[in-house]
Structure formats: structure tokens, C-alpha cells
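Work through the exercises below with the sequence and the three-dimensional model at hand. Each task is followed by a solution that goes step by step.

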Amino acid sequence: MSGITTTEAGEQTVGLDAQQVALLKEPCILVDELDRPQGSSSKHECHLMKNINKGMLHRAFSVFIFNSQKELLLQQRSFAKITFPGCFTNSCCSHPLAVPNEQEEESAIGVRRAACRRLEAELGIDREHVQPEDLTFMTRVLYKASSDGIWGEHEVDYVLLLCKDLAINPNPNEVHTCRWVTLHGVCSMLREAETGAISLSPWFKRIADSPLLSSWWENLDNPESVSDRHTIHRL
């Protein structure tokens, strides 16, 4: 797919947060609907609806952090974010980069390395406290959603579970607020979202609406028992 021009890129990012715009240069891993690598493209190009509508799809991950009280950490995305600003979502969401150590596919090790990188960038969790082996690869979901008509998401999203008590120090450019919730609390938030009182990211809402989240929650003592790594759920 042809790249965007410098003029087009400038027009698309007018008025957006400078730190977030700088991150648009990152190289994402392009995949097909079976999650087979198809090269790479910039985060900028991957998140433009004009490209998404032509089929551009990239690899991503979503981390769900549970503490010893079996509460889930949710974050409200910073209002500086380019896609879905201010939406409540799971603990950490991002993309592995098209670089060798994050493209390695055996046991999703590249994705898990990327998650450790982003847990530090978003939530201030030192990489000494979370290693790739602490993250359980549960399954993958495929979804598409428009944020504002210009920007959107189209991802094969790796779901990673992390069961650990951790101190967090959120980066305000990435995260507006955080809260720990029970499964009942998530159900309450789904009802709030229906009334428009809050907004949820589309990937989190679709996962929470499906049987997946409750199944993981019920098996936090042995998440491997309900992992489904060969399936790509279309949500």
C-alpha cells in the first residue's frame, strides 16, 4: 500500500498531542486475518480508516492485570490519545513493533516482550517486576472499529493475563485514571456505557460482552486451563 505524503500526514495530525503524534512513526506488524505476517507499516498508516477500509490489519495486544483480590485493573485512556480518547479499557493496550525481538512468534514471546515495554511506558511498572514469562497468552481476537471517521483500529489482538500485585505510576500522557474493579463492577460499567454515562473502548466492550472475560476471571488460579491460543475470535 502506498505511503502517505508529508503534507497529508501534517493535515491529519493538526491539533493532536505532540507526544502521541511522535509515536505514529512506530513500525507495526501487518498481518492477514489468520495472523500471518504481511510486512510492516507505520502506526500512522495502520490507524487511518481509509487504509483500514481497504483491509489493512495489524497485530496488537491487550493486557488484563488482576491483583490477589481478583480485581481487574482498568485504565481510562488519556484524552491526548488519538484513538478512543477518554474511554475506559483493560489494563494496557498497544502493539508489538516490527523489530526482531518483538516479531519472534514462538509462544508469543515477541508480543509478551512488547507488553512488558508498554506496561512500563503506560503504567510505570518497572520491567524488573514483570517478565515476559509472567504473562499468560490466553487467545486472540479480531475486531475493527472507527474512532472518529479518520482514525480507527483493525487488529488481531493478543490477550495476555497478568496475575500479580503491582504498584503503578501511570503516565498522564497515556492514562487519565485507573480503577480496580470486580466482575460485578465491569457489568455495572457496561450498563453505564449503554446510557452514555461513560465510554468503553470497543475491544474491551466486545471482550467483556462475550463469555471470554468471565471465563478467565473464574479461572485466575489456573488461567492456562482456559487458554485458547489457536483460535482467533471475531468480535
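Helices (H or I, at least four residues) and strands (E, at least two) are taken as DSSP runs and numbered from the N terminus. The model is predicted, so that local features need pLDDT of at least 70 and side-chain atom pairs count only at pLDDT 80 or more, while totals for chains, interfaces and linings use all residues. Residues are numbered from 1 along each chain as its sequence is written, and side-chain values use heavy atoms, with hydrogens and water left out.

**Exercise 1. Backbone sign**

Task: Locate Ser-107 and Asp-35, and state for each the phi value and whether the residue is buried, partly exposed or exposed.

Solution. Start with the loop between α5 (100-103) and α6, where Ser-107 has its place. Ser-107 has a positive phi of about 55° although it is not a glycine. Most residues other than glycine have a negative phi. For accessibility, buried means under 20% relative accessible area, exposed over 50%, and partly exposed in between, with a 1.4 Å probe and protein chains only. Ser-107, at 48% relative accessibility, therefore counts as partly exposed.

Next, turn to the loop between β1 (27-31) and β2 (37-42), which holds Asp-35. Asp-35, which is not a glycine either, has a positive phi of about 70°, but at 4% relative accessibility Asp-35 counts as buried.

**Exercise 2. Two helices**

Task: Describe how helix α8 (residues 202-209) and helix α9 (residues 211-218) are placed relative to each other, and which residues make their contact.

Solution. Two packed helices are described by the angle between their axes and the distance between the axes. The axes here are lines fitted to C-alpha atoms, for helices over the stretch in contact, with angles running from 0 to 180 degrees between N-to-C directions. The axes of α8 and α9 come within 4 Å and cross at roughly 70°. That makes α8 roughly perpendicular to α9, given that angles under 35 degrees count as roughly parallel, over 145 as roughly antiparallel, 65 to 115 as roughly perpendicular and the rest as oblique.

The contact (heavy atoms within 4.5 Å) is made by Phe-204, Ile-207, Ala-208 and Asp-209 of α8 together with Pro-211, Leu-212, Leu-213 and Trp-216 of α9. Within α8, Ile-207 is buried, with a relative accessible area of 0%. Beyond residues up to four places away in sequence, Ile-207 touches Phe-64, Val-141, Val-159, Leu-212, Leu-213, Trp-216 and Leu-235.

**Exercise 3. Aromatic pairs**

Task: How many aromatic pairs are there, and what is the geometry of the pairs Phe-64 with Trp-216 and Phe-84 with Trp-203?

Solution. Rings of Phe, Tyr and Trp (its six-membered ring) pair if their centres lie within 6.5 Å, and planes under 30 degrees apart count as stacked, over 60 as edge-to-face and the rest as tilted. By this rule the count comes to six aromatic pairs. In one of them, the ring centres of Phe-64 and Trp-216 are 5.6 Å apart and the planes stand at 70°, so the pair is edge-to-face. This pair links distant parts of the chain, with Phe-64 in strand β3 (residues 58-66) and Trp-216 in helix α9, 152 residues apart. Phe-64 is buried, at a relative accessible area of 0%, and Trp-216 counts as buried at 2%.

The rings of Phe-84 and Trp-203 have centres 5.8 Å apart and planes at 85°, so this pair is edge-to-face. Because Phe-84 lies in the loop between β4 (72-77) and β5 (88-89) and Trp-203 in helix α8, the pair ties together parts that are 119 residues apart in sequence. Phe-84 is buried at 9% relative accessible area, and Trp-203 counts as buried at 3%. Finally, Phe-64, Phe-204 and Trp-216 form one aromatic cluster.

**Exercise 4. A charged residue and its partner**

Task: Is Glu-174 buried or exposed, and with which side chain does the side chain of Glu-174 make a polar contact?

Solution. Glu-174 lies in the loop between β8 (152-163) and β9 (175-181), and at 4% relative accessibility Glu-174 counts as buried. A polar contact is a pair of N or O atoms within 3.5 Å; within protein, one must be able to donate a hydrogen and the other to accept it, and residues adjacent in sequence count only if both atoms are side-chain atoms. Such a contact, of 2.7 Å, joins the side chains of Glu-174 and Lys-81. Lys-81 has its place in the loop between β4 and β5 and counts as buried at 11% relative accessibility.
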